[in-house]
Amino acid sequence: AGIGATVGYVAPNHVYGPVMEYVYGMDGMAQSIQVVLNVPFATEVSVVTGAVAGTLLHPLLYFPMNGIQGVHWRYYSGAALALVTSALYYVYYGQ
């Protein structure tokens, strides 16, 4: 949760704007994001959202990273990778 909260603060305040300007050529994006973040509670909502995402992702990432007794890490991580790949394929190409 702590890492998620930190990312929820750092990314919108210092990363998203410059990355969008550099990668996508969106001039003025850093200033636009700062305007959005000046809205009351915008930073707080971003930090809480990051903390909740970190809390929810921890159990999903714990076992692929640390393994399960008696199960080789490749099998578990491979299944997780196949699941995520299938979900992304469905999101972008399904229906």
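Asn13 is buried, with a relative accessible area of 17%, a value that falls under the 20% limit for that class. The model described here is predicted. Asn13 belongs to helix α1, and its contacts beyond the four nearest places in sequence on either side are with Gln34, Leu37 and Thr43.

**Helix α1 and its packing**

Helix α1 covers residues 2-24. Asn13 is one of its buried residues, together with Gly4, Ala5, Gly8, Ala11, Pro12 and Gly17. This buried set packs against α2 and α3. The helix is not straight: at Ala11 it bends by about 55°, and the proline Pro12 follows within four residues. Ala11 and Pro12 are themselves among the buried residues of α1. Just after the helix, Gly25 adopts a positive phi of about 70°.

The packing against α3 can be followed from the other side through Val47, a residue of helix α3. Val47 is partly exposed, because its relative accessible area of 23% lies between the limits of 20% and 50%. Apart from neighbours within four places in sequence, Val47 is in contact with Ala5, Gly8 and Tyr9. Of these, Ala5 and Gly8 appear among the buried residues of α1, whereas Tyr9 contributes to a nonpolar surface patch. Val47 and Thr6 are 41 residues apart in sequence, yet their C-alpha atoms are 6.9 Å apart in space.

**The nonpolar surface patch**

The patch has an area of about 940 Å² and is made by Tyr9, Val10, Val15, Tyr16, Val19, Tyr22, Val23, Tyr24 and Met26. One of its members, Tyr24, is found in helix α1. Tyr24 is exposed, with a relative accessible area of 62%.

**The loop between α2 and α3**

Phe41 is found in the loop that links α2 (29-37) to α3 (42-66). Its phi is positive, about 70°, although Phe41 is not a glycine. In general, most residues other than glycine have a negative phi. Phe41 is exposed, at a relative accessible area of 62%.

**Helix α4**

Which aromatic rings form a pair? A search of the whole structure finds 1 aromatic pair. The ring centres of Tyr89 and Tyr93 are 5.1 Å apart and the planes stand at 45°, so the pair is tilted. Both residues lie in helix α4 (residues 73-93), 4 residues apart, or about one turn of the helix. An α-helix has 3.6 residues a turn, so residues three or four places apart point the same way. Tyr89 and Tyr93 are both exposed.

Val84 also lies in helix α4. At 48% relative accessibility, Val84 counts as partly exposed. Val84 and Gln31 are 53 residues apart in sequence and 34 Å apart in space, C-alpha to C-alpha. Gln31 falls within the range given for α2 (29-37).

**Accessibility of selected residues**

The table collects the relative accessible areas discussed above.

| Residue | Relative accessible area | Class |
|---|---|---|
| Asn13 | 17% | buried |
| Val47 | 23% | partly exposed |
| Val84 | 48% | partly exposed |
| Tyr24 | 62% | exposed |
| Phe41 | 62% | exposed |

Methods
Residues are numbered from 1 along each chain as its sequence is written. This is a predicted model: local features need pLDDT of at least 70, side-chain atom pairs count only at pLDDT 80 or more; totals for chains, interfaces and linings use all residues. Side-chain values use heavy atoms; hydrogens and water are left out. Patches are made of residues with over 30% relative accessible area and no salt bridge: like charges are joined within 9 Å, nonpolar side chains (Val, Leu, Ile, Met, Phe, Trp, Tyr) within 5 Å. Accessible areas come from the Shrake-Rupley method with a 1.4 Å probe; for residues, only the protein chains shown count as cover. A salt bridge is a side-chain nitrogen of Lys or Arg within 4 Å of a carboxyl oxygen of Asp or Glu. Helices (H or I, at least four residues) and strands (E, at least two) are DSSP runs, numbered from the N terminus. Buried means under 20% relative accessible area, exposed over 50%, partly exposed in between (1.4 Å probe, protein chains only). The bend at a residue is the angle between axes fitted to the seven residues ending there and the seven starting there. Contact means heavy atoms within 4.5 Å. Rings of Phe, Tyr and Trp (its six-membered ring) pair if their centres lie within 6.5 Å; planes under 30 degrees apart count as stacked, over 60 as edge-to-face and the rest as tilted.
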